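The following exercises ask you to work through one protein model, with a solution after each task. Keep the sequence and the coordinates open while you read.

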Amino acid sequence: MIERSNRPRELTKYQELIELRDRERERIANSSVCVNGRALPLEVNPQGMLKWYMHPAIDSTAHKFLIFYSQEIPPGSRSGKQRSQGGVVFVVVEGAGYTVIDGARYDWKTNDVLQLPIKPDGVIFQHFNGSHKEPALLIAAEPNLTATTGVDRACGFEQLEAAPEFEAC
């Protein structure tokens with residue numbers, strides 16, 4: 001026969017896992033599977049003008065396995081310059097321009113897809129709107145690996161240059 005003590009038990013790692021599961025189930029039950037882009041705020045940050053649809057810190061979406069955002073680049077402008085692991089896929093929704101990746105230029109236009117390569121030391125990239133009259137709109141998606149590999153993802157995540165719209169704030 002197993003004797004049980006009257007003192008309170010410490011929470012086991014297994015119990016912590018069950019509690020995490022329960023919190024996640026509750027979060028998902030109260031979350032949305034559809035994000036209304038028109039209702040999202042346009043965030044001006046060092047990388048440019050972004051709307052965040054899915055992000056590690058957004059709890060209102062049903063899942064978090066992607067980081068997903070749109071980026072508007074005003075006429076004649078550019079994004080910030082960033083160093084990251086790569087692996088981000090961009091779809092050009094509107095406009096034409098180019099992206100410089102590790103010093104090489106890649107032109108794009110509406111309906112094109114651009115993927116940042118994954119390199120051990122990361123990549124440096126920056127987007128440029130080729131039009132002085134029309135904005136460019138890109139959407140971006142990448143796996144959300146922040147919980148497993150961290151934001152740096154082994155190579156670093158650094159803002160090397162700010163977008164002009166952020167500098168103007």
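Strands are DSSP runs of E with at least two residues, numbered from the N terminus. The model is predicted, so that local features need pLDDT of at least 70 and side-chain atom pairs pLDDT 80 or more, whereas totals for chains, interfaces and linings use all residues. Residues are numbered from 1 along each chain as its sequence is written, and side-chain values use heavy atoms, with hydrogens and water left out.

**Exercise 1.** Determine in which strand Thr99 lies, and whether Thr99 is buried or exposed.

*Solution.* Start with the position: Thr99 belongs to strand 6, residues 96-101. Next, take the relative accessible area, which is 0% for Thr99, and therefore this residue is buried (under 20%, by a 1.4 Å probe on protein chains only; exposed would be over 50%).

**Exercise 2.** Find the side chain with which that of Thr99 makes a polar contact, and list residues in contact with Thr99 beyond four places in sequence.

*Solution.* The side chains of Thr99 and Trp108 are joined by a polar contact of 2.8 Å; such a contact is a pair of N or O atoms within 3.5 Å, one able to donate a hydrogen and the other to accept it, and residues adjacent in sequence count only if both atoms are side-chain atoms. With contact taken as heavy atoms within 4.5 Å, the residues touching Thr99 beyond four places in sequence include Ala104, Arg105, Tyr106, Leu114, Phe125, Gln126 and His127, as well as Trp108.

Terms used:
Helix = DSSP H or I, 4+ residues; strand = E, 2+ residues; numbered from the N terminus.
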